[in-house]
Amino acid sequence: MKKLIYSTLGLILTASFMLTGCKDSTTSTPPEAPKPTITFLNTTGYIFTNSSRLNTGSEAQLKFGMVVTSTIDLKSVTVTRNYEGSGNVVIFTKTVPSNSKNFQIDIMDTLSSALKGKYVYTFSATDNDATTNSASIDITATGALVEIADQKIYNNFGTGFGGYDLITGEMISNADASNVARRDIRDNSTSSVIAKSWTSSNGTTFIKNPPTITWDQTTTEAKLKSAFDVNAASASANVTGLDGVAGTLIIAKVTRGSSTKYFMIRVTTIFDDPGANNDYVLFDYKF
């Protein structure tokens, strides 16, 4: 009798294991929602891949042919431009006509003659299910050195802007926590007497008065980079002893993301008012 019970129990357990083993151990996942597809016209006159362009003349005129297809009705398209990692700027946005699964538009833009370097254009499309897809084209702007005159950095101890963004050519505040990555130059003053020294908040390095090169001799990007590379051993995140009478020369190396740019700076005036608010260093620079 015991043998019969054990035998029956064994059959029940075996059947249970077999049934368990027959279950699908995989967990099914819902398929990914289809995304709009973005392509570019590649006929004459259109830019459809990463390229380099002069930032002057006809080369500065950009034309993209954006083509969007979708299995779901489209809702909108947007195009942004990001110069040297300074943030996305919307240059085009449009609501797609209803019941459209295909959309095509020409996007026009012009490179600034004063801004060389990397521009990232991002083309995005969103359908009525709120599914978005995007594609990017990088444009590297090249050209002759651009000279910018009479720029100021104020005493950091005062109320003026004590920082400077060399990429965009803007004075910026050192009290604004959102712009730390842009502070290529920051005034070092800690009192009402201007310190005549700069530092960097983002890894920018400086070479003061590099030998065997002058302001007038530095006429190309290649010469500017070479002057830094030859004297790279003396590069520092700080530069002191700024002299507006003698005209201190400084080469700055700015790296943001994967992009590196070189600048030559010429200090022309140092104004030290009895207070701190009106103290500043006046300078020219080119890149």
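A pocket here is an open set of grid points where a 1.4 Å probe fits, with protein on both sides within 12 Å along at least five of seven lines. The model is predicted.

Reader: What is the volume of the largest pocket?
Author: Its lining counts 16 residues. Among those closest to its centre are Gly117 and Glu221. The volume of the largest pocket is about 290 Å³.

Reader: Which element gives the most to the lining of the largest pocket?
Author: Strand E7 (117–127), strand E8 (132–142), helix H2 (221–230) and strand E17 (259–271) each supply at least two lining residues. One of them leads, with 4 residues. That element is E17.

Reader: How many residues has the largest nonpolar core?
Author: Phe64, Phe123, Ile139, Leu166, Trp198 and Ile265 have the most contacts inside this core. Beyond its neighbours within four places in sequence, Phe64 is in contact with residues including Tyr46, Ile105, Phe123 and Ile139. A second, separate core has 10 residues, among them Ile207 and Tyr262. The largest core has 45 residues.

Reader: Which strands are the edge strands of the open sheet in the order E1-E3-E6?
Author: The sheet has 3 strands, and the pairing is antiparallel. An edge strand here pairs on one side only. The edge strands are E1 (37–40) and E6 (102–110).

Reader: Over how many bridges do strand E3 and E6 pair?
Author: Strand E3 covers residues 61–69. Thr69 stands opposite Asn102 in E6. The two strands pair in the antiparallel sense, and the count is 9 bridges.

Definitions and conventions. Residues numbered from 1 in each chain as written. Predicted model: local features only at pLDDT ≥ 70, side-chain atom pairs only at ≥ 80, totals over all residues. Heavy atoms only, no water. Core = buried A, V, L, I, M, F, W, Y, C linked by side-chain atoms within 4.5 Å. Buried < 20%, exposed > 50% of the residue type's maximum accessible area, 1.4 Å probe, protein only. Contact = heavy atoms within 4.5 Å. Pairing = 2+ DSSP bridges. 1 Å grid on protein atoms, 1.4 Å probe; cavity = no way out; pocket = protein on both sides within 12 Å on 5 of 7 lines; lining within 4 Å. Points joined across faces, edges and corners; volume = space filled by probe spheres on them.
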